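This report describes the architecture of one protein chain. It takes up the fold, the interior packing, the internal cavities and a few selected residues.

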Amino acid sequence: MSGAMSWPFLRLYILVLLYFSANAILNVIIPLQGESLGASSTTIGLIMGAYMFTTMFFRPWAGHIIQKQGPIKVLRFILIVNGFALILYTFTGLGGYLVARILQGVSTAFFSMALQIGIIDALPEKDRSQGISYYSLFSYIPGIVGPVLALGIWQTGGMDYFTVVLIGIAICTGVFGYSAKMDKSTEQPAENVPAQNVGVFQSFSELVKNPFLFKCSVLMLSASVVFGAVTTFIPLYAGQLPSGNAGIYLMLQAGTVVLARIMLRKRIPSDGKWHAPFIMGTMFLLAVAALCVSFSITGGAVFFYVGAILMGIAQSILYPTLTTYLSFVLPQLNRNVLIGLFIATADLGVSLGGVVMGPVADFSSYSFMYMMCAILGAVMIVFAYERRKPVTGASVS
C-alpha cells in the first residue's frame with residue numbers, strides 16, 4: 001500500500017462509512033423516541049451513553065485480541081453482532097434500545113480498533129495522520145445526511161421506514177465487510193517483539209505513568225464530554241429555540257468535519273512532536289463553540305449554527321492529531337493496547353456527555369449545561385500548554 005488514498009484503504013473507508021451510517025440516524029431517533037415515551041433527560045443520557053461506555057470498556061481488549069487473531073477474522077464476527085443490534089432497534093422499546101446500544105458498543109470497540117490499527121501499521125510515518133484523518137472523515141460523512149433523514153422519518157411518523165433503513169444498513173455493512181480483505185502489509189505482526197508481554201490490566205497504569213498518554217487522554221476525555229453532550233441533547237435543545245433545527249445543526253457540524261478533514265489533512269502534525277499552540281487553538285475553538293450553543297437560547301439561531309461550525313472544526317482536528325502523536329511516542333511493545341486505552345477515553349467522554357450532563361440539564365437547563373461544557377473546554381486550553389522548548393540545537397535557559 002503506497003498511500004492513504006490507494007484502493008485497499010478506500011475499501012476500508014467505505015466500510016467505515018457504511019458502518020457508522022446507522023448511528024447518524026439513531027443519534028436523532030433515540031432521544032426523540034425516548035422523550036415521546038416520557039423518558040427524562042437522565043434516562044435518555046443513560047441509554048445514549050451506554051454505547052460509548054461499553055465501547056470504552058472493550059477497547060483495550062480489542063487491541064489485544066486483534067493483535068493475536070488478526071483484524072479480518074475479528075471484523076467478520078463483529079459485523080454479525082452489529083447487524084443483530086441494528087435489527088433489535090426495530091421491534092423493541094427503551095429497554096431493548098439499551099441492550100442494542102450495549103451490543104453496538106462491543107462491536108464498535110473491535111471494528112474501529114481493527115481498522116485503525118491496520119491503518120497505522122500499514123502506512124509510512126509521514127502518511128499516518130492522513131490515514132487516521134480519512135478514517136475519521138468517512139465515519140462523519142453519514143452525519144451530513146443521517147440527521148435530516150432521521151428527522152424526516154420521525155416527522156412523517158413512518159417508523160416502518162426506520163425499520164427498512166436499519167435492516168438495509170445492517171445487510172449492506174455485513175455483505176461489504178465480509179468481503180473486505182487486507183493485504184498482509186495491513187495485518188503485519190509486530191516483528192521481533194515478544195507476544196504481548198505487557199498485559200491489558202497492567203497497561204491501565206500507563207494512563208497515569210506515561211506522561212504522553214496521560215496528557216492526550218485528559219484532553220480527549222474532556223473534549224469528548226462536550227461532543228457527547230451535543231450528540232445526545234441537541235435534538236431536544238433545538239426544540240426550545242425559536243428558529244433552531246437539530247437536523248441543520250448536526251448536518252452543519254458533520255459537514256464541517258468532512259470539509260475540514262479534507263482541507264486540513266496535510267496540516268495535521270505527523271512528526272511525533274507536541275505542537276502546543278495547535279492543540280491549544282483547537283481547545284479554544286471547542287470552548288467558543290460550546291459557548292455559542294449555550295448563548296443561542298437568547299442570542300438566536302445564528303449563534304446556534306456558528307457553534308455547529310466551530311464544533312465541527314475542533315472535532316475534525318483533535319482526534320487525528322492526538323492519535324497520530326501517540327503512534328510515534330508510545331512504546332512499540334504494547335502500542336496497540338495503549339492506543340486502545342486512549343480511544344477508550346474518547347468513548348468514556350462521549351458517554352459522560354450524556355450520563356453526567358443529562359442530570360445537569362434536568363436540574364438546570366440545556367443552556368446552562370452547555371455553558372459548563374464551554375468552561376471545561378477553557379480549562380483544557382491551559383492543560384494543553386507545554387513548556388518543553390523545541391529542539392533547536394542550542395539550549396536556552
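Of the 397 residues in the protein chain, 56% are buried. The model is predicted. Its secondary structure consists of 16 helices and zero strands. Among contacts between residues at least 6 apart in sequence, 85% join residues at least 24 apart.

## Nonpolar core and aromatic pairs

In soluble globular proteins, nonpolar side chains tend to be buried together. The largest nonpolar core of this model has 114 residues. Within that core, the residues with the most contacts are F111, I234, Y249 and Y370. Beyond residues up to four places away in sequence, I234 touches A229, A246, Y249, L250, V293, F304 and Y370. Two of the residues with the most contacts in the core, Y249 and Y370, are thus also partners of I234.

The aromatic pairs number 18. One of them joins F212 and Y325 in an edge-to-face arrangement, with 6.2 Å from centre to centre and 75° between the planes. Because F212 lies in helix 10 and Y325 in helix 13 (residues 301–329), this pair ties together parts that are 113 residues apart in sequence. The two partners fall into separate accessibility classes: F212, with a relative accessible area of 26%, is partly exposed, whereas Y325, at 7%, counts as buried. The cut-off for burial is under 20% relative accessible area, so the 7% of Y325 falls within it.

Y249 and F304 form a tilted aromatic pair, 4.7 Å centre to centre and with 40° between the planes. This pair also links distant parts of the chain, with Y249 in helix 11 (residues 246–264) and F304 in helix 13, 55 residues apart. Y249 and F304 are both buried. Both belong to one aromatic cluster, formed by F233, Y237, Y249, F304, Y305, Y366 and Y370. Y249 and F304 also appear among the residues that I234 touches.

## Internal cavities

Rolling a probe the size of a water molecule over the atoms shows where empty space is left. Two cavities of 30 Å³ or more are present in the structure. The table sets out their volumes and the make-up of their linings.

| Cavity | Volume | Nonpolar lining residues | Polar lining residues | Charged lining residues |
|---|---|---|---|---|
| Largest cavity | about 840 Å³ | 19 residues | 14 residues | four residues |
| Second largest cavity | about 60 Å³ | four residues | three residues | two residues |

The largest cavity is lined by 37 residues. Those nearest its centre are M52, S139, Y140, T231 and Q315. Helix 10 (residues 211–237) supplies the largest share of this lining, with six residues.

The lining of the second largest cavity is formed by P269, D271, G272, K273, W274, H275, I279, T321 and Y325. Y325 therefore has two roles in this description, as a lining residue of the second largest cavity and as the helix 13 member of the aromatic pair with F212.

## Selected buried polar residues

Three further residues, N23, T54 and T282, are considered in turn with their surroundings.

N23 is placed in helix 1 (residues 7–36). With a relative accessible area of 9%, N23 is buried. Apart from neighbours within four places in sequence, N23 is in contact with Y51, R101 and Q104.

T54 is located in helix 2 (residues 41–69). T54 counts as buried at 9% relative accessibility, because the cut-off for burial is under 20%. Outside its neighbours within four places in sequence, T54 contacts I102, G105 and V106. T54 and S351 are 297 residues apart along the chain, yet their C-alpha atoms are separated by 8.9 Å.

T282 belongs to helix 12 (residues 276–299). Its relative accessible area is 3%, and T282 is buried. Setting aside neighbours within four places in sequence, T282 is in contact with A314, I317 and L318.

## Overview

In outline, the predicted model is a chain of 16 helices without strands. The interior holds a largest nonpolar core of 114 residues as well as a largest cavity of about 840 Å³. Aromatic pairs such as F212 with Y325 and Y249 with F304 join residues that are 113 and 55 places apart in sequence, respectively.

Terms used. Residues numbered from 1 in each chain as written. Predicted model: local features only at pLDDT ≥ 70, side-chain atom pairs only at ≥ 80, totals over all residues. Heavy atoms only, no water. 1 Å grid on protein atoms, 1.4 Å probe; cavity = no way out; pocket = protein on both sides within 12 Å on 5 of 7 lines; lining within 4 Å. Points joined across faces, edges and corners; volume = space filled by probe spheres on them. Helix = DSSP H or I, 4+ residues; strand = E, 2+ residues; numbered from the N terminus. Nonpolar A, V, L, I, M, F, W, Y, C, P; charged D, E, K, R; others polar. Buried < 20%, exposed > 50% of the residue type's maximum accessible area, 1.4 Å probe, protein only. Contact = heavy atoms within 4.5 Å. Core = buried A, V, L, I, M, F, W, Y, C linked by side-chain atoms within 4.5 Å. Phe/Tyr/Trp six-rings, centres within 6.5 Å; stacked < 30°, edge-to-face > 60°.
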